[in-house]
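Biologist: Could you take a close look at one part of this model for me, the place where charged side chains pair, and then follow what surrounds it? I would like one connected account rather than a list.

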Amino acid sequence: ITITTQPASTTVCEGSSVTFTVASTGTVSSYQWYRNDVVLAGATSSSYNVLAFSSNNGDKYKVMILGPCGNVQSSEATLTVNLKPVIMTSPANATKCIGEGHSFSVVATNVGTYQWQKNGVNIAGATGSGYFIPTLTAADAGLYSVVIKGAGTCTSETVVSANAILTVNQPIT
């Protein structure tokens, strides 16, 4: 038996399905897949499908090909799992006066990019974990949120924070 295509290491987003495959020449009796050198029960074909979760980040997969004239083991393929973004702390509501400054912030993990929004519309240049308004006007009152896209292979994964209400009061004159 000669392996012509080895299982390939891959990087995927959490929750994605991954298929490891092997191709060979010669007479094959059976296949046996392993994860981290432990037999995977029932994994006895030329491919093995796994759902990617944080718990199997870094796992190594290989297959033993059994034949009547000997066995051959594939190289190991590593599964790297990029986690989806998660918001730990959303921006908070605030009540301020005209002329004051205010800073919104978000705490998130597995972040690729940030985009702050006011009333559901992107704020140009507001692409950090915080957004600062140095001098508030009445027009700054509204709902503020942040759209977070995932990192690596998870750029299509997005989460949106809860809206933070910014109330801007007029000073007494």
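Modeller: In this predicted model, the side chains of Arg35 and Asp59 meet in a salt bridge, with 3.4 Å from N to O. Arg35 sits in strand β5 and Asp59 in the loop between β7 and β8, so that the pair links distant parts of the chain, 24 residues apart. The two partners are covered to unlike degrees: Arg35 is partly exposed, with a relative accessible area of 33%, while Asp59 is buried, with a relative accessible area of 8%, because under 20% counts as buried.

The structure holds two salt bridges, and the other joins the side chains of Lys62 and Asp37 at 2.5 Å, again N to O. Here Lys62 belongs to strand β8 and Asp37 to the loop between β5 and β6 (38-39), which places the partners 25 residues apart in distant parts of the chain. At 11% relative accessibility, Lys62 counts as buried.

From Asp59 the picture leads to Leu79, since, leaving aside neighbours within four places in sequence, Leu79 is in contact with a set of residues that includes Asp59, Asn57, Gly58 and Tyr61, as well as Val18, Phe20 and Val50. Leu79 is also, with Phe20 and Trp33, one of the residues that touch the most other members of the largest nonpolar core, which has 18 residues. Strands β3, β5 (30-35), β7 (47-51), β8 and β10 (77-82) each supply at least two residues of this core.

Aromatic rings appear in this part as well: a search of the whole structure finds seven aromatic pairs, and one of them is the stacked pair of Phe20 and Tyr61, at 4.7 Å centre to centre with 20 degrees between the planes. Phe20 lies in strand β3 (residues 17-21) and Tyr61 in strand β8 (residues 60-67), so this pair ties together parts that are 41 residues apart in sequence. Both of these residues, Phe20 and Tyr61, are buried. Ring pairs also link Phe20 and Tyr61 with Trp33 and Tyr48 into a cluster, and Trp33 is, as noted for the core, among the residues with the most contacts to other members.

How values were computed:
Residues are numbered from 1 along each chain as its sequence is written. This is a predicted model: local features need pLDDT of at least 70, side-chain atom pairs count only at pLDDT 80 or more; totals for chains, interfaces and linings use all residues. Side-chain values use heavy atoms; hydrogens and water are left out. Rings of Phe, Tyr and Trp (its six-membered ring) pair if their centres lie within 6.5 Å; planes under 30 degrees apart count as stacked, over 60 as edge-to-face and the rest as tilted. Helices (H or I, at least four residues) and strands (E, at least two) are DSSP runs, numbered from the N terminus. Buried means under 20% relative accessible area, exposed over 50%, partly exposed in between (1.4 Å probe, protein chains only). A nonpolar core is a set of buried Ala, Val, Leu, Ile, Met, Phe, Trp, Tyr and Cys residues joined through side-chain atoms within 4.5 Å. Contact means heavy atoms within 4.5 Å. A salt bridge is a side-chain nitrogen of Lys or Arg within 4 Å of a carboxyl oxygen of Asp or Glu.
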